[in-house]
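Trainee: I've just opened this one for the first time. Could you walk me through it and tell me how each label is earned?

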Amino acid sequence: MPTIRRVLPSLFSGLSIKLIATISAVILLVEVVVYLPSLASYRANWLDDRLRVGVVGARVLDAVPDVMALPRNLTDRLLTSAGAYAIVYRREGQSQLIELADPVTPEEVVTADMRNRDLPTLILGAFDTLFAKPGRTLRIVGPGDLDQTMVELLMPERPLREDLVRYSVQIVLVSLVLAILTALALYLLASVLLIQPVRRLTQNMLAFRRAPENASLIINPSQRRDEIGIAERELAAMETDIFSLLRQRRHLADLGLAVAKINHDLRNTLSSAQLLSDQVATLDDPNVQRLAPRLVTTLDRAIGFAQSVLDYGRETAVPPELAPVLLRGMVEEAAFDARLSGHPAIAFVNDVPGGMVLNIDAVQMGRVLLNLLKNAREALEAAGSKVTDPAVRVTADQTPLGVTISVSDNGPGLPPRARDNLFVAFEGSARAGGTGLGLAIARELTQAHGGRLSFVDPPVGTQFDLFLPASLLLKT
């Protein structure tokens with residue numbers, strides 16, 4: 001499998017650019033939220049200033065008994081200072097008008113009523129002015145300086161629109177500068193606190209993955225007490241464990257290769273010794289006849305041990321090849337291989353339903369059943385006459401969760417030492433001279449199917465339960 005080269009992103013192509021973009025976007029969003037009421041307030045203040053000029057004009061009207069007697073140059077200067085075409089003063093149901101000497105006839109008039117000052121109305125009015133067509137006339141309505149009085153101004157909208165555009169440009173420029181400066185300051189702060197430590201972690205993981213046997217690449221954690229510090233310390237501990245496990249695995253692999261060679265040579269030597277012992281057993285010497293069976297038994301155990309170690313060393317993590325298997329037939333084949341079928345002294349009972357079909361690896365699960373049945377046979381043979389009517393039984397019970405296959409016997413049961421070390425290689429043997437590899441391999445094969453192999457302590461004998469999930473059950 002080709003190694004995929006992982007390259008650390010550049011300073012402004014990873015978290016850095018994302019952080020800067022996020023900070024800038026958030027600041028601009030905040031500025032937009034602030035800009036809306038600010039624009040509305042600017043327009044309202046601008047209109048209030050014009051209304052105050054109108055109030056001054058209204059006071060002039062109050063001071064003059066006859067408005068028509070006012071000089072035209074005075075009224076024109078008053079209107080010009082207000083930037084208005086006309087001023088209307090309403091009081092107690094009466095209206096007084098000041099207008100230019102040359103009256104202007106507006107084509108389109110829009111009203112700005114400053115008596116209604118709620119924020120949504122002011123914001124909508126500001127945007128209406130900002131995006132208005134040129135040439136509109138603005139009618140400003142507001143209260144006078146006395147009770148029951150009202151002032152109206154008629155003026156072009158263009159000056160207000162120009163001021164709003166100028167104010168908006170200033171706000172945008174200030175917002176951009178503020179966003180850039182704030183983002184840069186926050187980036188520098190975040191770079192020291194977050195980005196650089198994260199890049200250090202990432203660089204270390206990439207380097208350690210390429211050479212996990214190099215102990216100098218194990219990260220040296222800082223003294224930080226936050227999440228980054230915890231991540232550094234946990235990464236250092238994990239890399240230390242991986243380094244130790246890799247060294248241990250290499251040593252075990254080398255040791256296993258040596259053991260396999262030794263076992264191979266030992267097995268050949270023991271086989272030759274067994275042939276010689278068979279020839280010695282044919283001699284007529286009474287002492288030889290008495291010692292020969294013990295020698296043969298010892299050699300058989302030594303050969304069996306060597307073969308078990310070789311089998312365990314060749315065991316590979318091959319995934320199960322699932323296929324439909326008739327469970328009852330597989331149990332019968334396992335019993336035959338375990339020399340239980342037709343045994344002269346031990347009864348074998350197969351209580352598995354005839355139509356139960358499982359989607360399993362027949363070879364692997366056959367090895368599991370063979371090991372369990374062989375262990376039961378050997379336990380009953382070792383007990384001899386101590387067990388009345390020795391028997392081995394296999395049953396299969398179906399539940400909504402799955403199928404439980406039970407292999408039980410009525411023998412003497414497991415000794416305490418074997419129960420404490422069940423499924424542990426080289427330690428879980430229930431008989432003298434055993435390796436304990438059978439149950440260890442059986443458990444691994446069962447777990448590969450998603451099931452579990454467990455020991456049940458019955459009142460009499462020994463029982464192992466092999467559970468397989470319901471997903472492997474095809475039919476019963």
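Trainee: Let's begin with the whole chain: what share of the contacts with a separation of 6 or more comes from residues 24 or more positions apart?

Mentor: That share is 68% of the protein's contacts with a separation of 6 or more. Keep in mind that this is a predicted model. In it, the protein has ten helices and 13 strands, and buried residues make up 36% of its 476 residues.

Trainee: Okay, on to a single residue. Why is Met330 called buried?

Mentor: Buried means under 20% relative accessible area. Met330 has a relative accessible area of 7%, so it gets the label. You'll find Met330 in helix α7, which covers residues 327-337.

Trainee: And which residues does Met330 touch, not counting those up to four places away in sequence?

Mentor: Met330 touches Val325, Ile360, Ala362, Met365, Gly366 and Leu369. A contact takes heavy atoms within 4.5 Å. There's also Leu370: it sits 40 residues from Met330 along the chain, and their C-alpha atoms are separated by 9.8 Å.

Trainee: Now α3. How do you know what span is expected for this helix, and what does it reach?

Mentor: The expected span is 1.5 Å times one less than the number of residues. Helix α3, residues 119-130, has twelve residues, and the expected value is 16 Å. From its first C-alpha to its last, α3 reaches 16 Å, so by that definition it is close to expectation.

Trainee: Which residues of α3 are buried, and what puts them on the same side?

Mentor: The buried ones are Leu122, Ile123, Gly125, Ala126, Thr129 and Leu130. They cover an arc of only 160° around the axis, so they lie on the same side of α3. On the face turned away from that buried side, you get the exposed residues Pro120 and Leu124.

Trainee: How do you find empty space inside a model?

Mentor: You roll a probe the size of a water molecule over the atoms, and that shows where empty space is left.

Trainee: So how many cavities of 30 Å³ or more does the count come to here?

Mentor: It comes to one. About 40 Å³ of space lies in the largest cavity. To be called a cavity, a space must be one where the probe fits but cannot get out.

Trainee: What makes up the lining of the largest cavity?

Mentor: Tyr89, Arg91, Gln94 and Gln96 line it. Strands β1 (86-91) and β2 (94-99) each supply at least two residues of that lining. By class, the lining has one nonpolar, two polar and one charged residues. Tyr counts as nonpolar and Arg as charged.

Note on methods:
Residues are numbered from 1 along each chain as its sequence is written. This is a predicted model: local features need pLDDT of at least 70, side-chain atom pairs count only at pLDDT 80 or more; totals for chains, interfaces and linings use all residues. Side-chain values use heavy atoms; hydrogens and water are left out. Helices (H or I, at least four residues) and strands (E, at least two) are DSSP runs, numbered from the N terminus. Buried means under 20% relative accessible area, exposed over 50%, partly exposed in between (1.4 Å probe, protein chains only). The arc is that of the directions from the helix axis to the C-beta atoms. On a 1 Å grid over the protein atoms alone, a cavity is a set of points where a 1.4 Å probe fits but cannot get out, and a pocket is an open set with protein on both sides within 12 Å along at least five of seven lines; lining residues have an atom within 4 Å of a point. Grid points are joined across faces, edges and corners, and a volume is the space filled by probe spheres set on the points.
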